[in-house]
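Open the model in your viewer and keep the selection box at hand. Each stop below says what to pick and what you will find there.

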Amino acid sequence: MPTAHPRSRDVALDAAAADSGALRAALGETASWRAQAEALARELVARTVGSHETLFDVQRAFAIFPPGSPAGDSLFRLAEALPRIPDRPSRIAMLADRVPALRGWRAAVALPFAGLAMNAIGRQFVYAETIAEALRRAERDARALPPRRFSFDMLGEGARTTQDADRNFRRTMDAIRAMERAVGAREAGLRERLEVSVKLSSIHPRYDAASHAQVRGELLDRLKQISSRAAAAGIGLTIDAEGSESLSLQLDLFEALAADPELKRWRGLGLAVQAYQPRAPQTVDALLEIAARRCERGGMPIAVRLVKGAYWDAEVKRAQELGLERYPVFTDKRLTDLSYLACVRRLSAALDSVYPQFATHNPVTLACVLALADRPGGTSAAAARFECQHLHGMGGALYLALAATHPDVPVRTYAPVGEKRELFAYLVRRLLENSASSSYVRQAARAKRSDDLLGTGFEFLDAGPRPRDIPLPTELHMPERRIARGHDLGDSATLAEWTKSVNEARRTWAAGSLVNGERGLRPARPVVSPARPDLTIGEVSEATPDMVRSAVDCAHASRVAWSAVSVLERAAALERLADLLEADMAGLMALCVWEAGKTLPDSMADVREAVDFCRYYAQQARERLGSPMALPGPVGESNVLTLHGRGVFACISPWNFPVAIFTGQVAAALVAGNTVVAKPAQQTALTAYRIAELILKAGIPPGAFHLLPGDGGIGRALVADPRIAGIAFTGSTDTARAIQRVLAEREGPIAPLIAETGGLNAMIVDSSALPEQVVDAVVASAFRSAGQRCSSLRVLYLQEEIAPAVLDMLRGAMATLRIGDPADPATDVGPVIDAQARKELAEYISDLRSRAKLIAESGPVPAAGSYVAPVAFEIGSIREVPGERFGPILHVARFPLEDLDRIVDDINATGYGLTMGVHTRVDSRAERIRARSAVGNLYVNRNMIGAVVGVQPFGGEGLSGTGPKAGGPNYLVRFTTERVFTVNTAAAGGDLGLLAGTTAAT
Ligand SMILES: Cc1cc2nc3c(=O)[nH]c(=O)nc-3n(C[C@H](O)[C@H](O)[C@H](O)COP(=O)(O)OP(=O)(O)OC[C@H]3O[C@@H](n4cnc5c(N)ncnc54)[C@H](O)[C@@H]3O)c2cc1C
């Protein structure tokens, strides 16, 4: 049975240890050093404010173009994109976009100057382009006063491909060799001045929890090679800290290195710890243990670089998207500052086994560090037993001031080395850091006098609890509704836990029809898993035409009673259902995994979406259906509009979102006051049956909801019944047409059909897009869920200037995809739904092989099971694609910029209009595409799947569906019928309200 790799170093979040009281307790008393720290901070700031060091740097730029203002935003966006856009027309378009004064010919004239300015911003943060140049510069700088130490960071991170990772690894190894040669004959003192910093995400394309079991050995091997090289050269190595979800992986690898006997005499092993993580003090404790054990075995101390953390906004966004219970970072800046000092205290008390490196650009933090060190038993008693660090291009003035006040404190500069194309991720973090309103550097840029700056500088030491300024991830839409709770499968402990729970939830399922709460007893057919044809996972007894009749009889008989139940009660039942679904997350995920072949993250997302549908429709029902709408009219008359269930709704759902779509349709129909007969996809009847049980458990009366598992024949019989007053259907365009024909033929009232059908979805990428972002979005959109989403990407259009680079990266990224058992946490792509689907996809792929150019094909695929390897072909245009093919098959076409309008027209001409992706930094281009295209959901600079209920209502137009959009504000109304109630209030002789002056006369 597959398991996630259990982390050896599990630093779980202890909520109690993370509040202000606990942090202050960990920091201890402040009375003995606070006054000294305040005086020191004042001195540092006085020396800093007005220093020439800051005159021409980015801080000044932000003082002139304040972040948050349109000008500041433009500066940020130009710096991020302009230097890397290859073609002049796109550069001009972007400049004109961001600086309205440069519209027209002026942008072309200003372009060279803008280019120079943006390069200058980039250069501010990069020490040198090559390590040779960096070493030459360092030698000069190291001799200058005060002498400096360096940590070279060979720019590059988040490798998407093995090739990128190999290149980054080689560059780091080469850099160490070059450093070794440079220090070779010189005095030993220089050795300790040099260090490299490494991001683990740069040296392996799969540095993630799901892959850890598989790639741990490879990662460790690389790290060992880097470490041995550095140890031989006598220089240091620090492992940078990245996303919070990688903390346990980072610790696991670090622990292994620290315990390696061959590295034990090496003084240079270090890693970075982020104080903004509530887990920081525990992380430091874990490191102290590792260090103590190393020293007990005769090893050297380890280095610990303490930082606050550079990914704050990304962490907050991710936690919100995943619906996590709490944030992995503090959301109160004062707590980050307190946590930093609590860690300083812990580290300073263990100088025998650790060498602390305090990295900050904040003079208050720095002053506190120094004041703490000055206490009896503090670090300064042994000068040079710790050091301070800053980033190249930041904090220059502060560290000059420090050199004056504390010449004995060693200072290290983190010095990024690399070319323009490697700079962007790093640059964006620095620009964000410089522009965040909570950041000290931003405040310093704005302050006129040092007093302005220090006014509240030390208040964080007194930090008490205060109301949250950012709601918890699941409370984003409160008080209206709670968001479905999610779990971070990027975290190895959480992943291991869920892998286990889902595996344990597997059983032999059984399903059948449910009519008026009675399970139909008929011979059952076995159900096998698409991932494992040898594995029978349950049995289904399917409905008969007789059962269709009885279900509709009963639903029809119950419709009046159900529609008389108050909206509030119906909504409450939906909310109970949401809670039941959430509570049965593991059981439902297990069904998704084994019956539908969905991976663990896809399964969790499916259940969460169902939960969100229930809570959203409950809220919508209360808002829209709960009370009559008064309509304006003449005096003496009252007019109100009310919405009512239509009668019996047929809900026909597909297998690709067996939980979300099934639940969403049924929940909407029920809460709108209809009774429901549901016909789920034949392939996912077991899942539907489990949800049906929960629907009844939530208190929906058995007469109001019926389930009929079966094939298309059952669906046809259901739709043909003239008592069906409306149909919600999600599936293929062909089936929707067939339903429409049946409806047209039958007797009785004309019923509305709400159909969500297929798509031939395109993504347009221009030359200003960031290739890494594009490749992430393409892989997720085209191959996640094995391409079996209606929103999946089918045709990628790449502007010709960047096509070769993007395709290279795409090839590399596809080579790292793992296809296999969806229950295995390491799997990226599971099977397609069944053998028939696999056969049809295989035929189409062989057709493409004969007429299109193969770009890449992932693999290998398991021998048994309905697997299709993700594959990409180059074609001329979307016109060559015969229609929707529901699988991991991507078509790619190149385009010259001048053809942009034409390709949008070609996409429109397919007749589909579901989703579209656009990647561009030129807003006017995104806007132009938006204005010209006819699609339901258009996504800019992100992937194009995973629409969120209530946030991105989902559904298309044309061949893609009738609307209204699921999870949107207009959906419920379509399930209702409208009635108007008019009363002549003057019938008794007059309008009392008018006479009393309370009714406006018309
Ligand atoms: C030598 C060096 C190496 C570095 N290496 C790494 C590394 O490996 N990994 C890494 O992630 N970063 C690294 N950094 C970047 C570092 O995290 C930032 O420079 C640092 O956070 C800035 O803190 P400060 O004390 O200079 O400024 P301050 O202005 O005092 O603090 C800013 C920081 O506070 C935090 N913050 C902002 N708003 C909030 C809020 N609302 N709630 C809670 N916290 C908030 C954020 O961490 C933000 O970066 C490194 C920095 C240096 C100098």
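Select Asp 352 and Arg 385. Their side chains meet in a salt bridge, N to O, at 3.3 Å. This is a predicted model, and side-chain atom pairs count only at pLDDT 80 or more. The pair links distant parts of the chain, 33 residues apart. Asp 352 sits in the loop between α14 and β6 (354-359). Arg 385 sits in the loop between α15 (363-374) and β7. Side chains of opposite charge can pair when their charged atoms come close. How many salt bridges does the structure hold? The count is 72.

**The ligand**

Now select the ligand and expand to 4 Å by heavy atoms. That shell has 30 residues. Gly 309, Thr 336, Thr 360, Glu 433 and Tyr 440 are the closest. Colour the shell by class: 12 residues are nonpolar, 11 polar and 7 charged.

Next, draw three distances:

- From Lys 308, take a polar side-chain atom; an oxygen atom of the ligand lies 2.8 Å away.
- From Glu 433, take the N or O atom in the side chain that is 2.6 Å from an oxygen atom of the ligand.
- From Phe 330, use the backbone instead; one of its N or O atoms lies 3.3 Å from a nitrogen atom of the ligand.

How much of the ligand does the protein bury? Taken alone, the ligand exposes 950 Å², and the protein buries 94% of that.

Switch to cartoon view. Which elements each supply at least two residues of the shell around the ligand? They are the strands β4 (269-274), β5 (302-307) and β7 (387-391), along with the helices α14 (333-348) and α17 (420-435). Of these, β7 gives the most to the shell, with 3 residues. Two of these names came up at the salt bridge: the loop of Asp 352 has α14 at one end, and the loop of Arg 385 has β7 at one end.

**The cavities**

Turn on a cavity display. Rolling a probe the size of a water molecule over the atoms shows where empty space is left. With a lower limit of 30 Å³, there are 5 cavities. The largest holds about 100 Å³ of space.

Select Ala 596, Gly 597, Lys 598, Ser 785 and Gln 788. These lie nearest the centre of the largest cavity, among the 14 residues that line it. What classes make up that lining? It divides into 5 nonpolar, 6 polar and 3 charged residues.

**Backbone stops**

Go to Asn 516. Its phi is positive, about 50°, although it is not a glycine. Asn 516 lies in the loop between β10 (514-515) and β11 (518-519).

Select Gly 859 and Pro 860. A cis peptide bond joins them, with omega about 0°. Pro 860 is in the loop between β23 (853-857) and β24 (871-874).

Finish at Gly 963 and Pro 964. Here too the peptide bond is cis, and omega is about -5°. Pro 964 is in the loop between β29 (957-958) and α34 (971-974).

Conventions: Residues are numbered from 1 along each chain as its sequence is written. This is a predicted model: local features need pLDDT of at least 70, side-chain atom pairs count only at pLDDT 80 or more; totals for chains, interfaces and linings use all residues. Side-chain values use heavy atoms; hydrogens and water are left out. On a 1 Å grid over the protein atoms alone, a cavity is a set of points where a 1.4 Å probe fits but cannot get out, and a pocket is an open set with protein on both sides within 12 Å along at least five of seven lines; lining residues have an atom within 4 Å of a point. Grid points are joined across faces, edges and corners, and a volume is the space filled by probe spheres set on the points. Ala, Val, Leu, Ile, Met, Phe, Trp, Tyr, Cys and Pro count as nonpolar, Asp, Glu, Lys and Arg as charged, and the others, Gly among them, as polar. A polar contact is a pair of N or O atoms within 3.5 Å; within protein, one must be able to donate a hydrogen and the other to accept it, and residues adjacent in sequence count only if both atoms are side-chain atoms. Accessible areas come from the Shrake-Rupley method with a 1.4 Å probe; for residues, only the protein chains shown count as cover. Helices (H or I, at least four residues) and strands (E, at least two) are DSSP runs, numbered from the N terminus. A salt bridge is a side-chain nitrogen of Lys or Arg within 4 Å of a carboxyl oxygen of Asp or Glu.
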